[in-house]
Amino acid sequence: MVALFTYMGWSGLLVGRDALWALAWPAALLLNAPLHEASHALAGWAQGLAVLEWRAWGLAGNYVRFNGNVTLAVLAAPYLRDLASFALSALLLSRTPPRRRALWMGIFAVGMLLPLWNTTVEYTSLFAGRSSDLRGLLALLGPGAVHAGFGLAVLGYLCATARVVRQAGQKAGSHLPT
Ligand SMILES: [Zn+2]
């Protein structure tokens, strides 16, 4: 994230007062766990499971507990949400970017950076043996599908984020007095 904000500054975004946006990132990050757990809960509910317990603000791990076994859809829900949110936001920001800087930054942070963060952190924590979602997906789908899917997703998110930042930076640059 530090590298990303440095890149944004270098691209002509986040200069001067706009640099304060980099400080808004920890606040946006607070939304990550509730969105993640809500995706699990919603997918479970859609499949007829009842939510017995849920925690989304805990420091020592968040979870949703259902009255039955979790399915593939329940495990994959936060990552499918990430994909949909990222794709829609990236499309919006590259095709019809909002004029107001605050709106642009809000869509960028919540729509693109949170999905990038959630998918990347969960995928990398699999290698530390910590992500229960990813371990569940591995058991159901096998290592080939999980590593191909998550590897491609992380790479695609990083490339698309760099592209959106570069595009917006060129636009910001074109408005600078010559
Ligand atoms: Zn999860």
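## A guided tour of the helices

Begin by selecting helix 4 and helix 6: Leu-72, Leu-75 and Ala-76 in helix 4 meet Asp-133, Gly-136, Leu-137 and Leu-140 in helix 6. Two residues are in contact if their C-beta atoms, placed from the backbone, lie within 7 Å. Five of the residues in this contact of helix 4 with helix 6 are nonpolar, one is polar and one is charged. Here Ala, Val, Leu, Ile, Met, Phe, Trp, Tyr, Cys and Pro count as nonpolar, Asp, Glu, Lys and Arg as charged, and the others, Gly among them, as polar.

The model on display is predicted: local features need pLDDT of at least 70, side-chain atom pairs count only at pLDDT 80 or more, and totals for chains, interfaces and linings use all residues. Residues are numbered from 1 along each chain as its sequence is written.

**The whole chain**

Zoom out to the full protein, which has seven helices and two strands. Helices (H or I, at least four residues) and strands (E, at least two) are DSSP runs, numbered from the N terminus. Followed from the N terminus, the elements run α-α-α-β-β-α-α-α-α. The C-alpha trace spans about 65 × 30 × 30 Å along its principal axes. Of the 178 residues in the protein, 26% are buried, where buried denotes 20 or more other C-beta atoms within 10 Å of the residue's own, with C-beta atoms placed from the backbone.

**Helix 6 and its crossing with helix 4**

Return to helix 6 (residues 132–141) and select its buried residues, Asp-133, Leu-134 and Leu-137. They cover an arc of only 90° around the axis, which puts them on the same side of helix 6; the arc is that of the directions from the helix axis to the C-beta atoms. Just after helix 6 comes Gly-142, with a positive phi near 90°.

Now view helix 4 together with helix 6: their axes come within 10 Å and cross at roughly 130°. Axes are lines fitted to C-alpha atoms, for helices over the stretch in contact, and angles run from 0 to 180 degrees between N-to-C directions. Helix 4 and helix 6 are therefore oblique to each other. For such angles, under 35 degrees counts as roughly parallel, over 145 as roughly antiparallel, 65 to 115 as roughly perpendicular and the rest as oblique.

**Helix 4 against helix 5**

Next, select residues 72–95 (helix 4) and residues 101–126 (helix 5), whose axes come within 8 Å and cross at roughly 145°. The contact includes Pro-78, Tyr-79 and Phe-86 of helix 4, and Trp-104, Phe-108 and Met-112 of helix 5. In total, 13 residues of this contact are nonpolar, five are polar and one is charged.

**Helix 3 against helix 5**

Keep helix 5 selected and add helix 3 (residues 32–46); the two pack at an angle of about 70°, with their axes 11 Å apart. Helix 3 and helix 5 are therefore roughly perpendicular to each other. Asn-32, Leu-35 and His-36 of helix 3 make the contact with Leu-114, Trp-117 and Asn-118 of helix 5. These residues divide into three nonpolar, three polar and no charged.

**Last stop: Leu-114**

Is Leu-114, in helix 5, buried or exposed? Leu-114 is buried, with 23 other C-beta atoms within 10 Å. Leaving aside residues up to four places away in sequence, Leu-114 touches Ala-28, Leu-31, Asn-32, Leu-35 and Ala-109. Finally, select Leu-72 as well: Leu-114 and Leu-72 lie 42 residues apart along the chain, and their C-alpha atoms are separated by 22 Å.

Methods. Buried ≥ 20, exposed ≤ 12 C-beta atoms within 10 Å, placed from the backbone.
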